[in-house]
Amino acid sequence: MPSLFDGAGARISAALEHVDISEDTAQRLAQPDTALKVSVPLRRDDGTLTLYPGYRVRYDDTLGPAKGGIRFHPDVGADEVATLAFWMTIKCAVLGLPFGGGKGGVAVDPKGLSPAELERLSRAWVDKVADFIGPNTDIPAPDVNTNPRVMGWMMDQYRIINRGEVREVITGKPVEMGGSAGRATATGDGAFHTLTTMMQRWDRQAEGTTVAVQGFGNAGARFARRCAEAGYTVVAVSDSSGAIHDPNGLDIDAVIAHKEAHRSVASGYSEGDVGGAGRGETLGNDELIELDVDILAPAALENVVTADNADRVRAGTIVEIANGPVASEADATLAANGVAVLPDILANAGGVTVSYFEWVQNRQAWYWDASTVAERLEQRMVDATKRVADRAESLEIDHRTAAYVIALEKLDAAARARGTSSFFRDGG
Ligand SMILES: NC(=O)C1=CN([C@@H]2O[C@H](COP(=O)(O)OP(=O)(O)OC[C@H]3O[C@@H](n4cnc5c(N)ncnc54)[C@H](OP(=O)(O)O)[C@@H]3O)[C@@H](O)[C@H]2O)C=CC1
Ligand SMILES: O=C(O)CCC(=O)C(=O)O
């Protein structure tokens with residue numbers, strides 16, 4: 001399999017066949033602007049010291065300060081962070097947000113840390129990258145295994161270093177620390193709005209439509225709940241411990257309660273203690289991908305649909321809630337089999353959209369109520385989805401390529417407006 005970064009490049013090449021942008025912009029987007037690698041020191045509770053590799057990549061800031069999450073996961077590496085930062089660049093452009101793309105991470109298994117260790121690690125990461133991030137340069141946010149609590153510690157550490165509070169340096173914070181209403185649910189909500197917009201366009205109904213969701217964290221669990229509330233039949237969900245499947249439909253509220261109690265969707269399931277959902281079976285994560293469902297929503301990690309299993313995907317539609325769940329080498333097989341892919345750079349953009357709202361609210365010190373945030377998020381997601389679908393139809397291309405075309409046009413126009421100097425950072 002090509003590297004994640006090379007796979008992302010393949011998608012750009014496909015889009016370049018349908019859009020006329022300057023050679024400068026194409027070259028500029030072929031590699032990250034700035035990549036920082038650090039060692040993040042953690043004093044463990046037992047007094048020993050562990051150093052974890054940490055990263056922050058500012059891929060491109062043509063459209064505004066770099067924006068993107070920070071991930072704590074043992075598999076985090078330079079290639080992955082650069083690719084995720086590239087996707088953020090494209091995603092912000094597709095949504096029309098005034099941000100470039102960034103991403104960060106620490107190669108650590110946070111499940112093996114105590115709460116105090118997790119706090120020290122979060123603060124240590126900020127100590128290492130504090131000169132690199134900033135409200136006008138690069139604004140982190142949550143991603144896999146990071147959450148509002150982690151963002152709160154990070155903002156607080158930046159306050160200590162800066163000797164003054166800068167709320168808009170990080171988004172996804174607890175509401176009590178300047179976080180936005182609706183940020184915690186924004187990614188799942190945004191994916192739901194993209195799906196709903198496309199279902200209306202396809203003249204399809206939620207009732208009788210089956211859904212499988214891989215990953216039951218911030219994004220996946222919220223999406224599953226929105227689907228269930230709207231009348232879809234959510235037949236399978238999973239987390240890192242495995243999947244549960246009931247062809248009659250799972251009771252998502254019961255599964256959420258079960259996950260909270262057991263820290264796993266699958267453990268204890270066979271004993272039937274997941275409320276009304278206690279029928280059905282447990283499955284492996286690979287089997288969930290191949291279930292005979294209408295909608296497959298991967299909401300965990302990259303490369304879960306690859307050249308190896310693409311032919312066995314039976315869903316008619318994939319909603320990419322995770323970043324990069326479909327490997328580029330799977331594209332041709334999925335297209336040949338008529339599988340519609342609603343791409344990550346559109347479908348999971350609800351999170352960064354409400355992060356943008358949070359940044360705006362922090363700058364104005366003027367906070368919106370939950371219904372205002374929800375309304376504005378829905379409007380942005382519906383508009384962006386329609387723009388992508390219209391472009392896909394007019395150019396007779398798939399939705400991912402259409403989203404890239406829109407993003408590349410925006411990035412090229414902004415680069416031209418800035419002039420050549422936009423390709424060089426101060427002193428760089
Ligand atoms: N948070 C956000 O705002 C945004 C997130 N995304 C993307 O969405 C995806 C999920 O992020 P988020 O929900 O925030 O992360 P979380 O950490 O909240 O949840 C991740 C979920 O994925 C599960 N998981 C991890 N490894 C596997 C595996 N091998 N097989 C199946 N499930 C697995 C985890 O299981 P367990 O619970 O057992 O740990 C957990 O349920 C990522 O790709 C992220 O980049 C995209 C846009 C914004
Ligand atoms: O909220 C943000 O700024 C970024 C979220 C993110 O990391 C993503 O969209 O992948």
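**Two ligand shells and a buried lysine**

In this predicted model, helix H7 gives the largest share of the shell around ligand 1, three residues.

User: Which elements each supply at least two residues of the shell around ligand 1?
Analyst: The shell around ligand 1 holds 25 residues. Gly215, Gly217, Ser240, Ala322 and Gly351 are the closest. The elements asked for are helix H7 (218-230) and strand S7 (233-239).

User: How many residues of the shell around ligand 1 are nonpolar, polar and charged?
Analyst: Two residues of this shell are charged. The others divide into nonpolar and polar. The split is nine nonpolar, 14 polar and two charged.

User: Where does ligand 1 lie with respect to domain 1 and domain 2?
Analyst: Domain 1 covers 33-169 and domain 2 covers 186-347. Both give residues to the shell around ligand 1. Ligand 1 therefore lies between domain 1 and domain 2.

User: Which elements give two or more residues to the shell around ligand 2?
Analyst: Ligand 2 has 14 residues around it, and Gly69, Ala141, Gly351, Val352 and Ser355 come nearest. The elements that give two or more are strand S3 (66-72), helix H3 (78-95) and helix H12 (350-364).

User: How many residues in the shell around ligand 2 are charged?
Analyst: Three residues of this shell are nonpolar and eight are polar. The charged residues number three.

User: Which residue carries the UniProt annotation "active site", and is that residue buried or exposed?
Analyst: The annotation comes from an unreviewed UniProt entry and covers Lys103. Lys103 sits in strand S4 (residues 100-106). It has 32 other C-beta atoms within 10 Å, and 20 or more count as buried. So the residue is Lys103, and Lys103 is buried.

User: Which residues is Lys103 in contact with, leaving aside neighbours within four places in sequence?
Analyst: Lys103 belongs to strand S4. Its contacts include Gly68 and Gly69. The full set is Val57, Gly68, Gly69, Val81, Leu84, Ala85 and Met88.

User: What is the largest C-alpha distance among the residues of the UniProt feature "binding site"?
Analyst: The unreviewed UniProt entry places this feature at Lys67, Lys91 and Ser355. These residues are spread over 289 residues of sequence, yet they cluster in space. The largest C-alpha distance is 12.9 Å.

User: Is Lys67 buried or exposed?
Analyst: Lys67 is in strand S3. Its contacts outside four places in sequence include Met88, Val352 and Ser355. Lys67 has 29 C-beta neighbours inside 10 Å, so it counts as buried.

User: Which residues does Lys91 touch, not counting those up to four places away in sequence?
Analyst: Lys91 is in helix H3. With 28 C-beta neighbours inside 10 Å, Lys91 counts as buried. The residues Lys91 touches are Ile345, Ala349 and Val352.

User: What is the radius of gyration of the protein, and why does it count as compact as a globular protein of that length?
Analyst: The protein has 14 helices and 12 strands. For 428 residues the globule rule gives 22 Å. The protein's value is close to that, so it is as compact as a globular protein of that length. The radius of gyration is 21 Å.

User: What share of the residues of the protein count as buried?
Analyst: The C-alpha atoms fill a box of roughly 60 × 60 × 45 Å along the principal axes. Among contacts between residues at least 6 apart in sequence, 68% join residues at least 24 apart. Of the 428 residues, the buried share is 52%.

Note on methods:
Residues are numbered from 1 along each chain as its sequence is written. Chains are lettered from A and ligands numbered from 1 in the order in which they are written. This is a predicted model: local features need pLDDT of at least 70, side-chain atom pairs count only at pLDDT 80 or more; totals for chains, interfaces and linings use all residues. A residue is near a molecule or strand if its C-beta atom, placed from the backbone, lies within 6 Å of it. Helices (H or I, at least four residues) and strands (E, at least two) are DSSP runs, numbered from the N terminus. Ala, Val, Leu, Ile, Met, Phe, Trp, Tyr, Cys and Pro count as nonpolar, Asp, Glu, Lys and Arg as charged, and the others, Gly among them, as polar. The radius of gyration is taken over C-alpha atoms; the globule rule is 2.2 Å times the number of residues to the power 0.38. A residue is buried if 20 or more other C-beta atoms lie within 10 Å of its own, exposed if 12 or fewer, and partly exposed in between; C-beta atoms are placed from the backbone. Two residues are in contact if their C-beta atoms, placed from the backbone, lie within 7 Å. UniProt positions are given in the numbering used here, feature names are shortened, and annotations may be inferred rather than shown by experiment. Domain bounds come from an automatic or database domain assignment.
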